[in-house]
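Visitor: Could you take me on a close look at one charged spot on the surface, and then follow the side-chain contacts from there? I would like to know how you decide what counts as buried or exposed along the way.

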Amino acid sequence: LFFDRPTEPCFMQKGDDKTVFQIPDNFYPEKYKKVGNQLADRFGTDAGRMVPVRNIALPDLSLPQQLPYHNQFSLFVPKHRRMAAKLIDIFMGMRDVEDLQSVCSYCQLRINPYMFNYCLSVAMLHRPDTKGLSPPTLVETFPDKFMDPKVFRRARETSTTAPAGDRMPVLIPVNYTASDAEPEQRIAYFREDIGINLHHWHWHLVYPFEAADRAVVDKDRRGELLYYMHQQIIARYNAERLCNNLGFVTRYNDFRGPIAEGYFPKMDSQVASRAWPPRFSGTTIRDLDRPVDQIRSDVSEMETWRDRFIQAIDSGTIVLPNGRTQRLDEETGIDVLANLMESSIISRNRAYYGDLHNMGHVFISYAHDPDHRHLEQFGVMGDPATAMRDPIFYRWHAYVDDIFQRYKATLPAYTRERLDFPGIRVSSIAISGRTPNQFSTQWEQSSVNLARGLDFMPRGAVLARFTHLQHDEFEYTIECDNTTGQAAMGTVRIFLAPTTDQAGNALNFEEQRRLMIELDKFTQGLRPGSNTIRRRSIDSSVTIPYERTFRDESQRPGDAGSAQSADFDFCGCGWPHHMLIPKGTQQGWNCVLFCMITNWNEDRVEQDTVGTCNDAASYCGIRDRRYPDRKPMGFPFDRPAPSTGSLGDFLTPNMTVQNCSIRFTDAVRQRQQR
Ligand code: CUO
């Protein structure tokens, strides 16, 4: 309920059952003090439920309250991060859920709603006693971060003129941010996809940068997952670009040169009552001096940090705060490096390697007003919920990925012995469907309920209908021989990649491996002799089901509080299933499907993973557990193979490939409510 209607005070009615929190007198902030009790009485008279709030020792909010209530909040701005860390600590430090409820009601009246939502979500994900509770999906609480503000005006009209059951859905137009004159607009359906942006926001929620409780930040292979998840975004983006006749994304590596791509978000912040600022084409980032955000940083600082990364990679060692050096080893080097890059509190030397990744976001997001003379806030690159809308996000992360790839290139190539699984031979992989080995895609329309995000409005559902990509479900059939004479366990790894560049030239191994998109990874028993493995696309280890991305309230299984419901609610991190397969083309876009089976005895991590959000582990890991695969993330494509010319040369007997195509039909399907 504390997430419901973010700017309405919690002594007003919350949720569908009209809950009212009865707060102690000293909880009212100045502005409500005079009228607080009258208001509480007024809302109390027809409340469905009154929840008395415990009077606790009030926390010191002086730091988090430095962010004005009606302001934007950015996880990438160091000062905002520190304020959020303080609030997370307060929430984490409450003795029990009742105290947490008290402190929430106190904070909800005072703290910037975006920051409040983020910190409470992080705390709920990490407190043992709130693990069965569910933060609602961000698109419901802050729909303003995901869509054209015209939708809200129409939603207001609808909700004041029609009773809840009779409201027509509000249509979100397709491709509303630019015209066809802008080539980048061809992939706006990817950049502005609600599910993709929700995934990214959720990923950063699961992996916060800063908190006093180190365990909240210091998770198994966290840095490596930052590298891998974002690498996969770039690979997927590149495939999408090829499908739309655009060349590969070019990395943003010249911090002194103009950024060719402009972006005009056409979104308003409901909390800050401001339009998100645009970036004009040809903008160059400039030195930052914004006292309000306590940011003072020159572009040259980014260059210094970058040079130190290059030096670390080329020398194979990093410098520690005490002046000593530490070798980057094959197993943990990427994790150490990515933690320096990100950079969270577990960076081994923040003073020296700085804050390259986050400050890249910050410099770009303030390029329109670097010294705050126009009193403008950051652009979409400043917020993980909106950053992926902007073409520059991919150029920035392509650059970040390039640094990681430079490191990966220093590692020894995999020998055939390290790749093979003796006795296991994979002879084929095929895709079932109307046409064998052809994926089918089309548009689909789905709805999201805006009611929770519309403050001070009549109650009841208001649906917004939007259009997104979708694919037909399919099944993999893998034929495999086990000649070891005994039962074996394997890890099946399935990837998809383009076969040619934009000009139609065949890709060599080095180009293709960086474009490999993980589709699935699962454990499989292999009996002696021949095995036919069938696996449904819907079970992908990369994605979460549609219903979880959008958290459709009518689709919740089980009773609230049951184990099933808790799992269902909690695990919002995961690539949206509707974006599993690139769009393809109407003629059919050629790609290659790759399948490999490795020895599970070498891959396995001993741990119990029952019921812990373990179905989108590839990009998100498993909550409170180690990453469930000992191989380097992205294996076997995580590093170059210098003497390998093509994917065909790379194959060992436990691998196979299949040429496929993706055929796109330009038609809109209505989502069938199951
Ligand atoms: Cu996810 Cu830059 O790390 O946006």
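Guide: Let me begin with the yardstick: a residue is called buried when its relative accessible area is under 20%, exposed when that area is over 50%, and partly exposed in between. Please keep in mind that this is a predicted model.

Our starting point is Glu301, which sits in helix 12, a helix spanning residues 299-315. Its relative accessible area is 31%, so Glu301 counts as partly exposed. Patch members need over 30% relative accessible area and no salt bridge, and Glu301 is one of the residues that form a negative surface patch, together with Asp287, Asp289 and Asp298.

Staying in helix 12, let us turn to Glu303, whose side chain meets that of Arg256 in a salt bridge, with 2.7 Å from N to O. This pair connects distant parts of the chain: Glu303 belongs to helix 12, whereas Arg256 lies in the loop between helix 11 (222-243) and strand 4 (268-269), 47 residues apart. With a relative accessible area of 17%, Glu303 falls under the 20% limit and so is buried. Its partner Arg256, at 48%, is partly exposed. The loop between helix 11 and strand 4 also holds Asn245, a residue other than glycine with a positive phi, near 60°.

From here we can follow the salt bridges further. Side chains of opposite charge can pair when their charged atoms come close. The whole structure contains 43 salt bridges. One of them joins Asp99 and Arg54 at 2.4 Å, N to O. Here too, distant parts of the chain are linked, 45 residues apart: Asp99 is in helix 4 (residues 97-108), and Arg54 is in the loop between strand 2 (49-52) and helix 3 (78-93). Asp99 has 5% relative accessibility and therefore counts as buried, while Arg54, at 30%, is partly exposed. Both belong to a network of salt bridges that also takes in Arg95, Asp96 and Glu98.

Another salt bridge brings together the side chains of Asp520 and Arg535, again given from N to O, at 2.7 Å. Asp520 is part of strand 15 (residues 517-526) and Arg535 is part of strand 16 (residues 529-536), so their contact ties together parts that are 15 residues apart in sequence. Asp520 and Arg535 are both buried.

Let us leave charge for aromatic rings. A pair of aromatic rings is described by the distance of the centres and the angle of the planes. There are 38 aromatic pairs in the whole structure. In one of these, Phe439 and Phe474 stand edge-to-face, with 4.9 Å from centre to centre and 85° between the planes. Phe439 comes from strand 11 (residues 438-449) and Phe474 from the loop between strand 12 (463-471) and strand 13 (475-482), and the pair links these distant parts, 35 residues apart. Phe439 has a relative accessible area of 2% and is buried; Phe474, at 8%, counts as buried too.

Phe495 and Phe637 give another example: the ring centres are 5.2 Å apart and the planes lie at 85°, so this pair is edge-to-face. Phe495 is in strand 14 (residues 488-498) and Phe637 in the loop between helix 22 (617-620) and helix 23 (647-650), so far along the chain that 142 residues separate them; the pair links distant parts. Phe495 and Phe637 are both buried. The loop between helix 22 and helix 23 also contains Pro636, and the peptide bond from Phe635 to Pro636 is cis, with omega near 5°.

Ring pairs can also join into groups: Phe190, Tyr228, Tyr237, Phe393, Tyr394, Trp575 and Tyr619 are linked into a cluster.

Two backbone details round off the tour. Glu342 and Ser343 are joined by a cis peptide bond with omega about -15°, and Ser343 lies in the loop between helix 13 (333-342) and helix 14 (350-353). His372, in the loop between helix 15 (356-365) and helix 16 (391-408), is not a glycine, yet has a positive phi of about 65°. With a relative accessible area of 18%, His372 is buried.

Methods: Residues are numbered from 1 along each chain as its sequence is written. This is a predicted model: local features need pLDDT of at least 70, side-chain atom pairs count only at pLDDT 80 or more; totals for chains, interfaces and linings use all residues. Side-chain values use heavy atoms; hydrogens and water are left out. Patches are made of residues with over 30% relative accessible area and no salt bridge: like charges are joined within 9 Å, nonpolar side chains (Val, Leu, Ile, Met, Phe, Trp, Tyr) within 5 Å. Accessible areas come from the Shrake-Rupley method with a 1.4 Å probe; for residues, only the protein chains shown count as cover. A salt bridge is a side-chain nitrogen of Lys or Arg within 4 Å of a carboxyl oxygen of Asp or Glu. Lys and Arg count as positive and Asp and Glu as negative; His and the chain ends are not counted. The place of a charge is taken as NZ of Lys, CZ of Arg, CG of Asp or CD of Glu. Helices (H or I, at least four residues) and strands (E, at least two) are DSSP runs, numbered from the N terminus. Buried means under 20% relative accessible area, exposed over 50%, partly exposed in between (1.4 Å probe, protein chains only). Rings of Phe, Tyr and Trp (its six-membered ring) pair if their centres lie within 6.5 Å; planes under 30 degrees apart count as stacked, over 60 as edge-to-face and the rest as tilted.
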